[in-house]
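User: I have a model open and would like to learn how to read its features. Could you walk me through it?

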Amino acid sequence: MKSNNDAASVKGCARKIWAHFKEFVVSVKGDLKETHDEMFKGADTPKQRLQRSVRHGLLLLAQLCLIMGVYAAGCALASVLPITLPGNILGMVLLLVLLGTHILKTKYISEACDYLIDNMSVFFIPAGVAIMGCFSMLEAAAAKFAFVCIATTVIVFLATSYTVLFVSWIMAKMGKDTALAPAIEAENAAKAQAGSADSNSTHAEGTGKHHPHTPGAGIVSPVAGKEA
């Protein structure tokens, strides 16, 4: 009896796993179809599709080469500095300077950056394999290692979020088109409305002082001698 129950439970788990797997396959097919439609939008013939894919691949390769060139420049700069700094950090700083000064336009690296971000998880595989190879060294301090990983992840998330908000706020103040621009405009409009309301109330108070509406105000009582 118990074996029958175990077999039924195993079959139920297998059906659930198969159902989830089919849903995953359907979602992946849908995502691939959307990506395919976006990439080959307007391409009617196989030749046009091939031309579009080759053009997109060459553009992606050129932008990746440009990013790698900035990275190589950062490494070269790190090799001549009197202090020891990582070349990849200097490369990112150099890329930020180039983008901030508009020497390098965002459209020149946008496709490659989107591609790298979409496939970012792939770049963590070598690091994960290397950590698994050193697991015997980390086993004695596993709790400390886990705490450091969790704490640094939270710190990086917070620092990145507040940095993005701060930069967006600065760009909105400078008149750039960002997600915070409507919020900044609403804040300025609220301040202007509050200032106009204060000025109207001040004007109303001044008008009340110069033109009193109290009954009997401004009426001079007659003098008894003049009446006589």
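**Reading the model, feature by feature**

Analyst: Happy to! Let's start with the contacts of one residue: leaving out residues up to four places away in sequence, Gln63 touches Lys107, Tyr108, Ile109, Ser110, Glu111 and Ala112. Gln63 itself is found in helix 2. Bear in mind throughout that this is a predicted model.

User: Is Gln63 buried or exposed, and why?

Analyst: The idea is to compare the relative accessible area with a cut-off, and buried means under 20%. Gln63 has a relative accessible area of 3%, so it counts as buried.

User: And how should I class Met120, and why?

Analyst: The class between buried and exposed runs from 20% to 50%. Met120 has 40% relative accessibility, and therefore it is partly exposed. You will find Met120 in the loop between helix 4 and helix 5.

User: Which nonpolar patch on the surface does the model have?

Analyst: Look for nonpolar side chains that are grouped and accessible. Here the patch is formed by Ile117, Met120, Val122, Phe123, Phe124, Ile125 and Val129, which together have about 730 Å² of accessible area. Helix 5 (residues 124-133) gives this patch its largest share, 3 residues.

User: Now the inside: which residues make up the largest nonpolar core?

Analyst: For a core, you look for buried nonpolar residues joined through side-chain atoms. The largest one has 8 residues: Leu60, Ile67, Val70, Leu95, Leu98, Leu104, Ile109 and Ala112. Helix 2 (46-80) and helix 3 each supply at least two of them, and helix 2 gives the most, with 3 residues. To trace some of the packing, pick Leu95: beyond residues up to four places away in sequence, Leu95 touches Val70, Leu104 and Ile109. Two residues of this core, Ile109 and Ala112, also appear among the contacts of Gln63.

User: What can the backbone show me at His102?

Analyst: Most residues other than glycine have a negative phi, so a positive value deserves a look. His102 has a positive phi of about 65° and is not a glycine. Its place is in the loop between helix 3 and helix 4 (110-118).

User: Zooming out, how many helices and strands does the protein have?

Analyst: Counting elements gives the overall pattern. This protein has 9 helices and 0 strands. Buried residues account for 9% of its 228 residues. For contacts with a separation of 6 or more, 33% link residues 24 or more positions apart. The protein exposes about 18800 Å², with 69% supplied by carbon and sulfur atoms.

User: Where is confidence lowest, and where is it highest?

Analyst: Check the overall score, then each element. The average pLDDT is 75, and 65% of the residues score at least 70. By element, confidence is highest in helix 3 (residues 87-100), at a mean of 89, and lowest in helix 9 (residues 224-227), at 44. Over residues 210-228 the pLDDT is below 50, and beyond near neighbours in sequence this stretch has 2 contacts in the model.

How values were computed. Residues are numbered from 1 along each chain as its sequence is written. This is a predicted model: local features need pLDDT of at least 70, side-chain atom pairs count only at pLDDT 80 or more; totals for chains, interfaces and linings use all residues. Side-chain values use heavy atoms; hydrogens and water are left out. Helices (H or I, at least four residues) and strands (E, at least two) are DSSP runs, numbered from the N terminus. Buried means under 20% relative accessible area, exposed over 50%, partly exposed in between (1.4 Å probe, protein chains only). Contact means heavy atoms within 4.5 Å. Accessible areas come from the Shrake-Rupley method with a 1.4 Å probe; for residues, only the protein chains shown count as cover. pLDDT is the predictor's confidence in each residue, from 0 to 100. Patches are made of residues with over 30% relative accessible area and no salt bridge: like charges are joined within 9 Å, nonpolar side chains (Val, Leu, Ile, Met, Phe, Trp, Tyr) within 5 Å. A salt bridge is a side-chain nitrogen of Lys or Arg within 4 Å of a carboxyl oxygen of Asp or Glu. A nonpolar core is a set of buried Ala, Val, Leu, Ile, Met, Phe, Trp, Tyr and Cys residues joined through side-chain atoms within 4.5 Å.
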